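The following paragraphs lead the reader through open space, strand pairing and cysteines in one protein model. Please keep the sequence and the coordinates at hand while reading.

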Amino acid sequence: MKKHRMLIGGQWVEPASGAWFESVNPFTAAPWALVPRGGKDDVDRAVAAAKAAFYDGEWRKLTATARGALLRRLGDIIAAEAPALAEIETTDNGKLIAEMRGQLNYVPQWFHYFGGLADKIEGRVIPIDKPGVFNFTREEPLGVVAAITPWNSPLLLAAWKLAPALAAGNTVVWKPSEFSSVSALVFGELFERAGFPPGVVNIVTGYGNEVGEPLITHGDVAKIAFTGGDRTGEHVYQLAARGIKRITLELGGKSANIVFDDADLDEAVKGVVSGIFAATGQTCIAGSRALIHRPIHEKFVERLLALARTARMGNPLDAATQVGPITTRPQYEKVLDYIRIAKDEGAVCRLGGTPANRPECGSGWFVEPTIFTGVQPGMRIAQEEVFGPVLSIIPFDTEEEAVRIANGTVYGLAAGVWTTSIRRALTMSERLEAGTVWVNTYRAVSYMSPFGGYKRSGIGRESGIEAIREYLQTKSVWIDIAGNAPNPFVMR
Ligand code: TXE
């Protein structure tokens, strides 16, 4: 088993603890790599390196154009390494190779786009109301950014943070999930190859309480960019609040996929199935609630069941596999717990509802694609994030009711609407409380389009021009150009 090292100040180092932990392949349930168990000492070293790179090093002296060029060069290198990185991610987190290849082929775009944006960060000249004074703004980086990422799309979600953070001129300490650190450590080599000065990006691996907390509370960390569960997010927010730190949080959801009776049902069936069973439901944007217009409810459910039954499960490294394992043992147990909860609540299990004991699933953590009908909007299965291949179907009669049910959770990350009516498409997209609304499509994201949550799904936006503002602060500069000595006792 390969014993990995962490990246601090441009050096590949062993953890101060002298300890490593095993990373487990979810398909075989066997360990395949050893990940350094970082701790507070490593965090201190990494933050010191990032701080030095921010204040004293070559990085600060680069023009914005040169910084952008580095990001774009990194994008090109990632593109060349995409197949190898995708294979590591699939081995580490069990997501389908087709999905991970797609993600890794797309990751370079975040570095190309934000690399292009680096030298377009401009301040403003304010036509100030005071004669003889020139006032302008500067957009400045924050300093050391802590990026804390989850296991479901490890490098994609890291790119969403690192690309804008670096484009804005910050330096970074990145803590990947303890369940999927290997691709991050291999990815770390690419920064040096692209020509980033040492210390601009540092990677400390380990557990949330041992690495994440000292990182968030470190006095020299200016901002936290976090993706993960909402409970952890709440805790991270509280820790960050103590230091009055900037924060972006992306915390998942309970997204509604709403199908009206005027929809193209062939498309809608595919959209609902891909919304929940793609990525084995382990995605923040999973369409885990299907709201179906009552006139088509039964017909739609039958078609959904027919398509979901065809899902091929098995080795995620096999390109033909459509549903892979659950990434972590605790997550596997959580999904099975929610299935039990749904049954106890009286939901009707129409498909799956058990661990998958198919020969092609080996000893991995597989759960059968599961569909419940008879779900009431207030049930836990309709309110809480499962993060697995479990769909709750809820009927509705009117647009008004669909909006009420869709908005009736604490979350607001995404929603899907299936209709051929332009009026409905526009009305629903206005009334749904979600950071992303898809109409007649689902699971579309881009480096160009802002992504983030309403309500408990998070704070701030990733991707698009909005994202770079999350890594900048505005300074207002006043210059007296008239030579009028002000009255020292009166506010000017
Ligand atoms: O995530 P955590 P977990 C949801 C999903 C899942 C649940 C739990 O519902 O079932 O979260 O998953 C780091 N201080 N999502 O436990 O704990 C941790 O090490 C600082 C939604 O795996 O949120 C990892 O790097 N950091 C989601 C990161 O937080 C801490 C993606 C995320 O882990 C920490 C993943 C602490 N005290 C899970 N504790 C999405 N939005 O896509 C943990 N971490």
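Helices, here H or I runs of at least four residues, and strands, E runs of at least two, are taken from DSSP and numbered from the N terminus. The model under discussion is a predicted one.

The largest pocket offers a starting point, with about 1,000 Å³ of space. Its lining comprises 41 residues, and those closest to the centre of the pocket are Gly-228, Gly-229, Asp-230, Arg-231 and Thr-232. Which elements supply at least two residues each to this lining? They are helix α7 (208–217), strand β11 (221–227), helix α8 (230–242) and helix α11 (329–345). Of these, α8 gives the most, with 6 residues. In chemical terms, the lining of the largest pocket divides into 16 nonpolar, 15 polar and 10 charged residues.

Enclosed space is treated separately. The model contains 3 cavities of 30 Å³ or more, and the largest cavity holds about 90 Å³. This largest cavity is lined by 16 residues, of which Arg-289, Ala-406, Gly-412, Ala-414 and Glu-433 are the closest to its centre. By class, 8 residues of that lining are nonpolar, 4 are polar and 4 are charged.

Attention now turns to a pair of strands. Strand β18 (residues 414–418) and strand β19 run parallel and are joined by 4 bridges. Within this pairing, Val-417 stands opposite Val-439 of β19. Between the two strands the chain passes through helix α14 (residues 422–431), and the resulting β-α-β crossover from β18 to β19 is right-handed. In a regular strand, side chains alternate between the two faces of the sheet. Strand β19 (residues 436–439) has Thr-436 and Trp-438 on its covered face, whereas Val-437 and Val-439 lie on the uncovered one.

The cysteines remain to be considered. A disulfide is a covalent bond between the sulfur atoms of two cysteines. How many disulfides does the model have? The count is 0. For Cys-349, the nearest cysteine sulfur is that of Cys-361, 17 Å away. Because a disulfide requires two cysteine sulfur atoms within 2.5 Å, Cys-349 and Cys-361, with sulfurs 17 Å apart, do not form one. Are these residues buried or exposed, or in between? Cys-349 is partly exposed, with a relative accessible area of 28%, while Cys-361 is buried, its relative accessible area being 0%.

Technical notes:
Residues are numbered from 1 along each chain as its sequence is written. This is a predicted model: local features need pLDDT of at least 70, side-chain atom pairs count only at pLDDT 80 or more; totals for chains, interfaces and linings use all residues. Side-chain values use heavy atoms; hydrogens and water are left out. Buried means under 20% relative accessible area, exposed over 50%, partly exposed in between (1.4 Å probe, protein chains only). Two strands pair if DSSP finds at least two bridges between them. A crossover is right-handed if, with the strands pointing away from the viewer, the path from the first strand over the helix to the second runs clockwise. On a 1 Å grid over the protein atoms alone, a cavity is a set of points where a 1.4 Å probe fits but cannot get out, and a pocket is an open set with protein on both sides within 12 Å along at least five of seven lines; lining residues have an atom within 4 Å of a point. Grid points are joined across faces, edges and corners, and a volume is the space filled by probe spheres set on the points. Ala, Val, Leu, Ile, Met, Phe, Trp, Tyr, Cys and Pro count as nonpolar, Asp, Glu, Lys and Arg as charged, and the others, Gly among them, as polar.
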